[in-house]
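Okay, my turn. Let me pull the model up on the screen, and then I'll walk through how the chains meet.

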Amino acid sequence: MGLNELIALLSSDTAIQIIASVVKILIILVLCLQVPPLMVWAERRAPAMMQRRKGPNRVGLFKFRLYGLLQSAADAIKLIFKEEVVPRGANKVVYHIAPIFGVFTALVVACAIPYGNDLTVFGQKISLSPIRLDVGFLFIFAISSLAVYAVTLAGWASNNKYSLLGSLRASAQMISYEIPLGMSLIPLVVIFGTLDLNKMVIAQSAYPWSWGIVKAPISFLLFLVCMFAETNRAPFDLAEGESELVAGFHTEFNSAKFAAFFLSEYVAMFVLSALAATVFFGGWQTPFIPYDTLLGLVGGMEWLAALAGFICLIIKAAFFLWVYIWVRWTLPRFRYDQLMSLGWKFMLPVGLVNLLVTTLVVAFIEHAGRN
Amino acid sequence: MVSIDHYLVLATFMFLCGTLGVLFRRNLLMVLMSIELMLNAVNLVFVSGSRMLGNLDGQVMVFFIITVAACEAGVGLAMVIALFRRYGTVDTNFLRILRG
Amino acid sequence: MTQELVFLAFAALIALCSMMVILSRNAVVSAIYLVGDLFSLAGLYASMDAHFVAAIQVLVYAGAIVVLFMFVIMLLNLGPDQRQHLQVSAPEVGVLALTIIGFLVVGGMLLLGQPTGVTGPLTAEAIENAGGNTYTVGMVLFTKYLWPFELASMLILLAIIAAIVIAKKEQNKDGDTRRLAHG
């Protein structure tokens, strides 16, 4: 096959789509893998700031302290070189595949979030998220409901009573808060009339008064609380219970598998933050600058506008990540029964009433608009 | 072109696995899981039928089957827990009070 | 071509996982294979343009029902199935033989015959134009199947209450729970 034929093959429609998908997946992967090291650093410096101490600021490069940013690199290197100890009596197969569930679900959901508007490259319309479905919303919930398996299987496979207890508690917590999580976002589906996340972002124009948070504030509050419960983060982190159950469900996991759990937790945090930003804060919309105006500003170069949108989304997600850390180091931990009764007896009824009221209001407005 | 025959053969195979599981596994929970397998085989038939016939009734049927399967699994598992509390085992060979 | 490849891939996965579900010694491993089965089945549904059903399948079946199974398995703390010397009696062998023969018959019939059916209006293109799979499924669900939908919600409520009542621990008159003696 000569060079011309190769180029012709590569410029065909399917080839461009495939190459674009591969590039998108790689970029999202790399992006998600950058989050845990940064979060680990932030997780130790931010509380230091809040508690009037310094936090790790020594690890640097060539005598530059670099604000301790390389501490994460040092942690990662240590984790990789640690000895891998498999507990006796643990189910070998399940022990090894338990972390995979967590990492898989977190990364796949990260691929379903729209990172920018559709681009036209070489005459092909390319959407800026590797997974673009018309049921994008449901897909995200479906895949994130598989994250429970990581916790459940990890605790069970460890052949350790405390791990099992911790994992059962954690998974009960996760499945209990999945319902209010979904329930709080359904009113937004009703308001915007679509399950496709990109269309939702487009429907929330660039002006903040038409963003999701203004149209469904109670949903936002519910989602915010459920975000913490879903990722087992404080104040809902009794499963990890750093002072109670040793390390909960991942007690018996060390070195690379512990790194995998760590990774999946932080990537899940990032993903939920990005989802909150997409659905409540306008996603990749630059505030006050509609997409067309933005295109005009950058002189018609679509990729610059897409980059600007991408950066906006990252900033909004970073805000939520900051909220995660802030809340963790401020609030004390919930007790298990308090947690469960909050989820079932408060969040679920509030979510249901919210859904009912939202649906009635939207139906009323549509009815009035039609007459 | 993937015709409905392929889906039906696959569904029959799943159903067969489910039936064998119900008949030959002694663990009550395994029996329940095999029942779920059978229900999924039926779901597959419905969805492929809906696709071939250009009718969405099949998919709505699947929606209801999943709902009923969820209810049945919930109640079935509650009964398994109650049985375990009463008899200390979930082995079907030992749970034979209804047998003459 | 791609459609057939996709079908083949998912079908192979489903067949493998189904066999491993009934052949595993450990209940938890069986549950994991069941999850793989349900996930592949959802992929198959998605390849048939039934996106809503695929998402619901993963969300409800793989993400909730099987988790419930795992909870019960772990709570009952069951060990691996004691695979003793296979004690099959004559009826069981007969049933096994009949089942396999039945499968062969059905498979043969399928490979020979061609099903003919009336093609309805909602082909894939019509669904796309009408607003997507979820929209059309919703329309059918809330117009033609409204009664079953409401009854299904009542059924779920009944099932929740029943499950809670059946699985409750026995309580003394003073209200503290005790475990019944094993039978």
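So, across the interface of chain C and chain B, the rule picks up 9 residue pairs in polar contact, with both partners at pLDDT 80 or more. And yes, that pLDDT is there for a reason you can guess: this is a predicted model.

Where on chain C does that side come from? The elements giving two or more residues to the side that touches chain B are H1 (2-23), H2, H3, H4 (90-112), H6 and H7 (146-166), helices of chain C. H3(C) gives the most, with 12 residues. By residue class, that side of chain C splits into 57 nonpolar, 19 polar and 9 charged.

How many salt bridges are there between chain C and chain B? The count is 1. If you want to find the pair on screen, go to Asp57(B) and Lys144(C): their side chains meet in a salt bridge, 2.6 Å from N to O.

Now the overall extent. The size of an interface is often given as the accessible area lost when the parts come together. For chain C with chain B, that buried area is about 6700 Å², and carbon and sulfur atoms give 76% of it. Within chain C, the residues that lose the most area to chain B are Ile22(C), Met48(C) and Phe69(C), and together they make up 10% of what that side buries. In residue terms, the contact takes 85 from chain C and 68 from chain B.

Okay, over to the other partner, chain A. Here 22 residues of chain C are in contact with 25 residues of chain A. The area buried between chain C and chain A is about 2000 Å², of which 80% comes from carbon and sulfur atoms. Three residues to click on are Leu59(C), Phe71(C) and Met74(C), which supply 28% of the area chain C buries against chain A, more than any other three residues.

On the polar side of things, the rule finds 0 salt bridges across the interface of chain C and chain A. It does find 2 residue pairs in polar contact there, again both at pLDDT 80 or more.

Which helices of chain C give two or more residues to the side touching chain A? Those are H2 (27-47), H3 (51-76) and H6 (133-143). The largest share, 13 residues, comes from H3(C). And the residues of that side divide into 16 nonpolar, 6 polar and no charged.

If you take one element home, take H3(C): it gives the most to the side of chain C that touches chain B, and the largest share of the side that touches chain A.

Definitions and conventions. Residues numbered from 1 in each chain as written. Chains lettered and ligands numbered in written order. Predicted model: local features only at pLDDT ≥ 70, side-chain atom pairs only at ≥ 80, totals over all residues. Heavy atoms only, no water. Contact = heavy atoms within 4.5 Å. Buried area = accessible area lost by both parts, 1.4 Å probe. Salt bridge = Lys/Arg side-chain N within 4 Å of Asp/Glu carboxyl O. Polar contact = N/O pair within 3.5 Å; in protein donor to acceptor, adjacent residues only side chain to side chain. Helix = DSSP H or I, 4+ residues; strand = E, 2+ residues; numbered from the N terminus. Nonpolar A, V, L, I, M, F, W, Y, C, P; charged D, E, K, R; others polar.
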